[in-house]
Amino acid sequence: MDWPFEEDLASTKRSVLRAIYWDGDAVAILDQRALPQREVWLRCTDVKQVIKAIRTMAIRGAPAIGIAAAMALALGARDIQAADLQTFRRKFLRLCRLLKETRPTAVNLAWAVDRMYAAIPGNQETDVFDLRRRVREQADALLRQDVLVNESMARIGAEIVPKGARIITYCNTGTLATGGHGTALGVIRTAFAVDPTLRVFACETRPFLQGARLTTYELMADGIPVTLITDNAAGALMARKGVDLVLVGADRIAANGDTANKIGTYTLGVLAKRHEIPFYVVAPRSSFDPAVPDGSAIPLEERDPAEITQLGGRVVAPAGVPVWNPAFDITPHSLINGFITEVGILRKPFDRAIRKALRSGTGAP
Ligand code: MRU
């Protein structure tokens, strides 16, 4: 299926960076695969087009794919043909299941889908038009809430950033990965506003290069000093005492604090421990999954071997070589100093701190 249209909007329409927004009755998604060379917008007019955008990583990042799933469901609800409420609910539930299968690791996606389903009341005192309206309002609320949550995490996290800090970050955790502002990158943004002497090292993040392509793009746009390094250079930089702090995001955090994040995060955690550098995970409560006791139970997505055997469309490995391409790894909780959330910094013992944080409200700061 082709996109209905692709339009280069770099110099039109928007002045502020964002990953996704309502363009009338359609969902506009900034195609992150084309960045930083081109700003291409995908105009998704139905649920299937948003599903494709999530699967192919036109939009990515745990909170952003949750928001995309919610907006997809609003499109889906609008298009459901149903004369009665029961049929509507059955068809909507089928769409929810479809959305949940798009990417398995980031729990924010399932979290958002569950909230969308919960927006449909079980009683009969309503009609199909009302359900469609409720679904759309819930999608809008999730987007607004994510921005507020990010700003709250950023305020709380900025407190632990030392003056003049040299910060390593991994993958992309900024505006492009969220509803706006970002998680780890949100902390960096807010810290930079009060301390313009801080500096960032962005790991390139093989194989999809979210760090090289997206994090540098966001930071440079904000005038925040950033140096791009290969993933392999992080250890050497730490050994030279060039790093004060590691800030990363998360895709799913188990009940004991084990954290799934972009492949290579675990390596960074081991290196940080070896060099006694604080390692913090910045994540909203929607990234925690109390149903999963530890990291071994988190499903880890494996992606197309071509992401590794090709570089910018050019083949770089012998044809037929066996490939293992996990998109995520698990950083054991023992390597993590704390979780920066919208309700405060969670410290050890993590199981207790996580239980308490998840009890305290629904996600709004
Ligand atoms: O495969 P991606 O690009 O969706 O992976 C993204 C990450 O691993 C991020 O670090 C994580 O989702 C946190 S984003 C705020």
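This passage walks through two sheets, a pair of packed helices and a few unusual backbone spots in a predicted model.

A good place to start is the sheet built from seven strands. These strands form an open sheet with mixed pairing, and their order across the sheet is 7-6-5-8-11-16-17. At its edges lie strand 7, covering residues 226–229, and strand 17, covering residues 344–346; each of these pairs on one side only. Neighbouring strands in this sheet are turned against each other by 25 degrees on average, with direction ignored. A helix also rests on this sheet: helix 11, residues 350–359, packs there and touches strand 16 and strand 17. The direction of helix 11 makes about 150 degrees with that of strand 17.

One pairing within the seven-stranded sheet can be followed in detail. Strand 11 (residues 279–282) and strand 16 (residues 338–341) run parallel and are joined by three bridges. A reader who wishes to find this pairing in the structure can look for Y280, whose bridge partner in strand 16 is G338.

The next sheet has four strands. It is open as well, with the order 12-9-10-15 and mixed pairing. Strand 12 (288–289) and strand 15 (328–331) stand at the edges with a single partner strand each, so one side of each has no neighbour in the sheet. The partner relation between strand 10 (residues 259–262) and strand 15 is antiparallel, and four bridges join the two. Within this pairing, T259 stands opposite T331 of strand 15. Here too a helix packs on the sheet: helix 9, residues 265–274, touches strand 10 and strand 15. Its direction makes about 30 degrees with that of strand 15.

Attention now turns to helices that pack on each other. Two packed helices are described by the angle between their axes and the distance between the axes. For helix 1 (residues 47–55) and helix 3 (residues 85–100), the axes come within 10 Å and cross at roughly 15 degrees. Angles under 35 degrees count as roughly parallel, so helix 1 is roughly parallel to helix 3. The crossing of the two helices is right-handed. At the contact, V47, I51 and I54 of helix 1 meet L95, L98 and L99 of helix 3. Sorted by class, this contact holds six nonpolar residues, no polar residues and no charged residues.

The backbone itself has some details to look for. Most residues other than glycine have a negative phi, and most peptide bonds are trans. Against that background, a cis peptide bond joins L35 and P36, with omega at about 5 degrees. P36 sits in the loop between strand 3 (26–30) and strand 4 (40–44). Another cis peptide bond joins K348 and P349, where omega is about 0 degrees. P349 belongs to the loop between strand 17 and helix 11, and that helix is the one packed on the seven-stranded sheet.

Positive phi values appear in residues other than glycine as well. M57 has a phi near 65 degrees and lies in the loop between helix 1 and helix 2 (62–79). With a relative accessible area of 1%, M57 is buried, because the cut-off for that word is under 20%. T205 also has a positive phi, about 70 degrees, although it is not a glycine. This threonine is found in the loop between strand 6 (199–203) and helix 7 (210–221). T205 is buried, with a relative accessible area of 0%.

Conventions. Residues are numbered from 1 along each chain as its sequence is written. This is a predicted model: local features need pLDDT of at least 70, side-chain atom pairs count only at pLDDT 80 or more; totals for chains, interfaces and linings use all residues. Side-chain values use heavy atoms; hydrogens and water are left out. Two strands pair if DSSP finds at least two bridges between them. Axes are lines fitted to C-alpha atoms, for helices over the stretch in contact, and angles run from 0 to 180 degrees between N-to-C directions. Contact means heavy atoms within 4.5 Å. Angles under 35 degrees count as roughly parallel, over 145 as roughly antiparallel, 65 to 115 as roughly perpendicular and the rest as oblique. A crossing is left-handed if the near helix is turned anticlockwise from the far one by less than a right angle, and right-handed if clockwise. Ala, Val, Leu, Ile, Met, Phe, Trp, Tyr, Cys and Pro count as nonpolar, Asp, Glu, Lys and Arg as charged, and the others, Gly among them, as polar. Buried means under 20% relative accessible area, exposed over 50%, partly exposed in between (1.4 Å probe, protein chains only).
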